[in-house]
Amino acid sequence: MKTFDVIIVGKGLMGAAAARHLATQGANIVVIGPDEPTDLNKATVFSSHYDQGRLQRIVGRNEVWTRLNIESTQAYPFLESQTGIQFHYAVGCLYASVYKNDDYLQRLPIHAKKFGFPFRLYDGFDVLKNDFPEFIFPNEVKANFEAAPSGHINPRQLIKAQLALCRQRGAKVIADTVLKVQEQNGCIIAHTENGSMYRAKKVLLAPGAFANSLDLLQRKLAIRLKSETIVLAKVSEQEAQRLSSLPSLLYEIETKDFEEIYLIRPIQYPDGNWYLKMGCNLSTDIFFDSLAPVQQWFRHGNSDANLPVLKAALHSVLPGLQVQDYIAKRCIITYTGHKHQYIGPVEENVYIATGGNGYSAMCSDAVGKLSAHVVLNYAFPEPYMEQDFKPLWQA
Ligand SMILES: Cc1cc2nc3c(=O)[nH]c(=O)nc-3n(C[C@H](O)[C@H](O)[C@H](O)COP(=O)(O)OP(=O)(O)OC[C@H]3O[C@@H](n4cnc5c(N)ncnc54)[C@H](O)[C@@H]3O)c2cc1C
C-alpha cells in the first residue's frame, strides 16, 4: 500500500480548500469524500454545500473572521482563472439590523479602517430605501453596504475549482466515505465504506457536521449541530433579470418564529430554473446529538412544515417579489464552543478542520490554507493564533 503524506477526509468547502493548499505546497495527498448523493436514503453522511449560493461578505463578526474573509476573496481571481470555473458574483452585501447599534455595527468602522476596507452606513429606512428600493425594513433599521468583492459564491463550483487544482497538482480524489481512522506503526490508516484502505503519515479530518460520527475520533468534539431549512423561491427569468443587481442580505431581526434572515438574489440552479434563496433561524429548528437523527433529518425531515414561516419572512423583506413556487431544502449548521472554526492537532498525526458556525463557505479558502499550514508546520502562521481555533472537547 502506498503511503501518502496526508489523507484529507471530506471534500467539502474546508477539505477541498485544505487539499488544494497542501497539494500546492508539494504534499502527496489523497482526498476522500462522497460525491453529492443522488439518493439521500443511500448516503451515510451529508454536507452543507449542496447548493448554488452562499453569501460572501468581508467584515466578519471580529478581526479573525474578517481576515479569513479577505484572504479568501483575494484567492478567487486566481482560482477562477486557473480553472476556468466561475463561482464568485460580486453584487455586494447589505447588512441590516433592527438593533441600531448592535455589536457588529459598532465594531464595523474599526475593522473596516484596520483592513482599509470601504463601508457605507445607513441610519434609518428612509435613507436606505433610495439605494435599495426592493427591500422593506422597519424605520429603526441601521445598515451597512459592502460593495465588491462581497456578494455571493457558488459552493459547488468553488469545490470543483479547488479539486481541479488538486488534480492538476497530482492529488488523488476518491469518492468514498471514511468509516474509521486508525494509527498503525506510526502511520494513519483510513478504512472506507467501499472496503478500501489508505495509508498516510498524517490525516486531516474535514468532515463538517460529521466529526463525531463513525470512527474518526477517539473523543467527541464540543460541537452543536442544528437543522437549517431554507426556502428556494422559484421566479421567472424576467424576475431574476429585474433583481440581477440585488445585493445579498444579512438581516438581524427577531420575531417569535424566526431570527437572522439571509438571502441571495435569484440565481440559476442545475434544473435550469431561477430561485431566490432565503434562510433564517427558526423556533422549530432541531438540535442533534448523534448520527441517526441527522440522517433522518436529511432523508425525511419535515422541512415543508417550515414553509409558512419562511414565506412570511421572505415577503416581509421583499414584498414585491413575484414567486411561482416555493421549495423547502434541508441542511445542517455546525457550531463550535468558541464560535471560530476548530483547526489543529487532535490526536497523534491527526488534525481537524471543522465548525463552520454558519459562515465558513465565504472564508473556506483561508480556513483551508490555515489548516494546511498547521498540518505541514505544526504551527499557526502570524497573525493567526492557535488559541482562537483550539478544538474543544465534550466534558
Ligand atoms: C442552509 C445553509 C446556508 C448557509 N449559508 C452560508 C452563507 O451564506 N455563507 C457562508 O459563508 N456559509 C454559509 N453556510 C455555512 C457553510 O456552508 C459551512 O460553514 C461550510 O459548508 C462548512 O464547510 P465544511 O467543509 O466544514 O463542511 P461541508 O461543506 O459540509 O463539507 C464536509 C464534507 O465532508 C464529507 N464527509 C463527512 N463525513 C465524512 C466521512 N466520514 N468520510 C468522508 N467524507 C465525509 C461530507 O460529505 C461533506 O462533503 C450555510 C450553511 C447552510 C446549511
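How many bridges join strand 4 to strand 8, and in which direction do the two strands run? Please select residues 151-153, which form strand 8, together with residues 88-89, which form strand 4. In this predicted model, two bridges join the strands, and they run antiparallel.

**The three-stranded sheet**

Within this pair, display the side chains of Y89 and H152; Y89 stands opposite H152 of strand 8. Next, add residues 54-56, which are strand 3. The three strands form an open sheet in the order 3-8-4, and their pairing is antiparallel. Strand 3 and strand 4 are at the edges with a single partner strand each, so one side of each has no neighbour in the sheet. As a general point, the strands of a sheet pair through backbone hydrogen bonds, in parallel or antiparallel fashion.

**Helix 5**

Proceed to residues 155-168, which constitute helix 5. This helix has 14 residues, and the distance from its first C-alpha to its last is 20 Å, close to the 20 Å expected at 1.5 Å a residue. Colour P155, L158, I159, A161, Q162, L163, L165 and C166 in this helix: these residues are buried. To see what surrounds them, show helix 1 (13-24), strand 2 (29-32), strand 3, helix 2 (63-83), strand 8 and strand 9 (172-174), against which the buried residues of helix 5 pack. Strands 3 and 8, already selected as members of the sheet, are thus among the packing partners of helix 5. After the helix, select G170, whose phi is positive, near 90°.

**The two domains**

Now colour the chain by its domain assignment, which gives domain 1 as 3-51 + 156-220 + 339-389 and domain 2 as 77-153 + 224-336. The C-alpha centres of the two domains are 27 Å apart. Where they meet, 24 residues of domain 1 are in contact with 19 residues of domain 2. Helix 5 supplies six residues to the side of domain 1 that touches domain 2, the largest share. By class, that side comprises 10 nonpolar, 12 polar and two charged residues.

**The loop at A379**

Finally, select A379, located in the loop between helix 9 (364-377) and helix 10 (386-389). Is A379 buried or exposed? A379 has 10 other C-beta atoms within 10 Å; a residue counts as exposed at 12 or fewer, and A379 is therefore exposed. To end the tour, draw a distance between the C-alpha atoms of A379 and G344: these residues are 35 apart along the chain, and the separation is 8.6 Å.

Conventions
Residues numbered from 1 in each chain as written. Predicted model: local features only at pLDDT ≥ 70, side-chain atom pairs only at ≥ 80, totals over all residues. Pairing = 2+ DSSP bridges. Helix = DSSP H or I, 4+ residues; strand = E, 2+ residues; numbered from the N terminus. Expected span 1.5 Å × (residues − 1). Buried ≥ 20, exposed ≤ 12 C-beta atoms within 10 Å, placed from the backbone. Contact = placed C-beta atoms within 7 Å. Domains from an automatic or database assignment. Nonpolar A, V, L, I, M, F, W, Y, C, P; charged D, E, K, R; others polar.
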